[in-house]
Each structure stands twice: as C-alpha cells, then as structure tokens.
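Trainee: Could you take me closely through the aromatic side chains of this protein, and then work outwards from there to the parts you would want me to look at next?

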Amino acid sequence: MNLKYRKTIIAGNWKMNKTLSETRAYAEALKPQLGKHKWCEVVLCVPAVNIPGAVKLFKDTRLAIGGENCHYEASGAFTGEVTVEMLKEVGAKYVIIGHSERRQYYNETDLTVNKKVHAALEAGLRPIVCVGESLEQRELDVTEELITYQVKIALAGLTESQVRRVVIAYEPIWAIGTGKTATAEQAGAVCSHIRGVIRKLYGARVARAVTIQYGGSMNAKNAAELLAQPDIDGGLIGGASLKPDDFMAIINAANQEA
Ligand code: PGA
C-alpha cells in the first residue's frame, strides 16, 4: 500500500449471510474495537435488505456500509433488483460490482459491469469492481490479458475524476472461499499489472490514486503479508469478515502496515 497517494480500504463482503439480529450482535462485538483505524477506511457490504439497519448500527463510527450489487437502470420492470439511488438513499456509500459469483450465477458480463460502474458513480456511490481469473485461465497463462480486458471495459467512458473514485478488487476465482490464497507475490504482481493498465489509460497521477484491493481467502494470518505489497491497498474479505475478531485483526494489520 502507498498511503501517500491513496487510501487503504478494508471491505467485508458478507454475501448472503447474517440476518438483522445477527448484524446487531456483530456490531456490538466490533464497535468497541473500532475507532483506531485512522489509516484505513473500513467498509461492510451487506445484503441489501439489511443496509438501513446496518447504517443505523454503525452510525456513530467511521465504518461505512455498502451494497453487494445494483442495477444500472434508474427504475423499471426488473423484479428483485435494486437501483443505485435506493442504495444511496438508505445510506450505502459503496457498492460491489461484478463479483465473480454474480458473473458466474447471474450472467453478469463486462458490459453490464461497465453500465453499473457508471450508474454507481453518477449516484455518488464508490464502486468496488471485481476482476479475476479462473484456475484454468491462470494455467493457460492468460491472466494478464484477461485482467486487462476486464479493467478496460469496466472503466470505459469514465472521466479521470470518476476513475479516482473507483476501487478495483483483484479476486482470483480459485482463491475465493477455498482457503487457497494467492501468494503475496502472485497477488502483488496482478495488482501492479492493474495499476499499469490504468496508467496507460489515464496517466500516472490517476493510476497512483486508485485503490486496488486483493480478495480471496484473505484472513487474519495472511493479511499483513498481502498488504505489504506496494500495489495492494486493502482487501475485499468474505469468510473472515463474518467474525468480528478476525475482521478486526485484518483492519489492525492494515493499520500496522501504515
Ligand atoms: P473469501 O471471499 O474471503 O471468503 O474468499 C472473498 C470475496 O468473495 O469477496
């Protein structure tokens, strides 16, 4: 991470976990430990229905709440979907876009990711855009090409000041929920590659300002090593964000690194 130019962001991705009462118990356990994370921003992305409750529970802290998905249209006949304005109005500050589970199970494509990124930024939400290769793609040695393609399309048509507000999460699909983490060198190399892609598109100043996270079995034990990589500016954390103590340990690792 490089605090001179960009913010470290530790974000939890709760996926389809925790009811509102479970969220309350979590907040009660985490809140007394929070407050000292002055070096990094802390975010919890929770199921849409629990965003208003989570915003209320964390109101007196610096922890921000985010959504896990959004639609790109402003309204319409899209049963079951939520708009960026709906997320914004209930207090979300971030939204995850293009998570590999959404790409895999709900047919999200790079083009819909791009539309969602535009919609989120226009509503004033910060998008956390997920990119990453499958094991097969890594073995075929096309990781860099694939990531370049995903990043280029996700950012297509954005202005420089919009790109500065985008967070990119590099999440190798083979490391998500598998307990198999990319090595710090593997993760760091792809995050550097992503910054290089942004540099080519928008110049060095913008590239330096963009927060690039690693995600995929990040936990209390491996966080410090991953975060020590110069181009890894935080994490998108699934499983380990569900336990307040584990999540706090990752936040502390980010603070120590600073
Ligand atoms: P994981 O999930 O930390 O459980 O691997 C990360 C993610 O999917 O964002």
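Mentor: The model in front of you is a predicted one, and three aromatic pairs are found in it. In one of them the ring centres of W14 and Y26 are 4.7 Å apart while the ring planes meet at 80 degrees, and the pair is therefore edge-to-face. Because W14 belongs to the loop between β1 (8–13) and α1 (20–30) whereas Y26 sits in helix α1, this pair ties together parts that are twelve residues apart in sequence. Both W14 and Y26 are buried. Another edge-to-face pair is made by Y105 and Y106, with 6.4 Å from centre to centre and 85 degrees between the planes, and here both residues are exposed.

Charged side chains also meet aromatic faces in this model. K18 lies over the face of W14, 5.5 Å from the ring centre, and R208 is placed over the face of Y5, at 4.6 Å from the centre of that ring.

From the loop that holds W14 you can move to the ligand, which is surrounded by 13 residues, the closest being K15, H99, E171, G177 and S217. For K15, a side-chain N or O atom comes to 2.7 Å from an oxygen atom of the ligand. A polar side-chain atom of N13 is 3.4 Å from a ligand oxygen, while in the case of G239 it is a polar backbone atom that lies 2.8 Å from an oxygen atom of the ligand.

If you follow the chain past helix α1 instead, you come to Q33, in the loop between α1 and β2 (40–45). With a relative accessible area of 28%, Q33 counts as partly exposed. A polar atom of the Q33 side chain is 3.1 Å from the backbone oxygen of A29, and the side chains of Q33 and D245 are joined by a polar contact of 3.2 Å. Leaving out residues up to four places away in sequence, Q33 touches D245 and also M248. The C-alpha atoms of Q33 and N252 are 10.0 Å apart, although 219 residues separate the two along the chain.

Helix α5 (residues 110–123) deserves a careful look as well. Its 14 residues should span 20 Å at 1.5 Å a residue, and the C-alpha atoms at its ends are indeed 20 Å apart, which agrees. Eleven of those 14 residues are buried, so α5 is largely enclosed by the rest of the structure. Among the buried residues are D110, K116 and H118, together with T112, V113, L121 and A123. The elements that cover the buried residues of this helix include α3 (84–89), β4 (94–97), α4 (100–105), β5 (126–131), α7 and α8 (160–164). Just after α5, G124 takes a positive phi of about 90 degrees.

One of the covering elements just named, α7, gives you a last residue to examine. T143 is part of this helix, which runs over residues 143–155, and T143 counts as buried because its relative accessibility is 8%, below the cut-off of 20%. Once neighbours within four places in sequence are set aside, T143 is in contact with E133, Q137, R138 and V190.

Note on methods
Residues numbered from 1 in each chain as written. Predicted model: local features only at pLDDT ≥ 70, side-chain atom pairs only at ≥ 80, totals over all residues. Heavy atoms only, no water. Helix = DSSP H or I, 4+ residues; strand = E, 2+ residues; numbered from the N terminus. Buried < 20%, exposed > 50% of the residue type's maximum accessible area, 1.4 Å probe, protein only. Contact = heavy atoms within 4.5 Å. Expected span 1.5 Å × (residues − 1). Phe/Tyr/Trp six-rings, centres within 6.5 Å; stacked < 30°, edge-to-face > 60°. Lys NZ or Arg CZ within 6 Å of the ring centre and 35° of its normal. Near = heavy atom within 4 Å. Polar contact = N/O pair within 3.5 Å; in protein donor to acceptor, adjacent residues only side chain to side chain.
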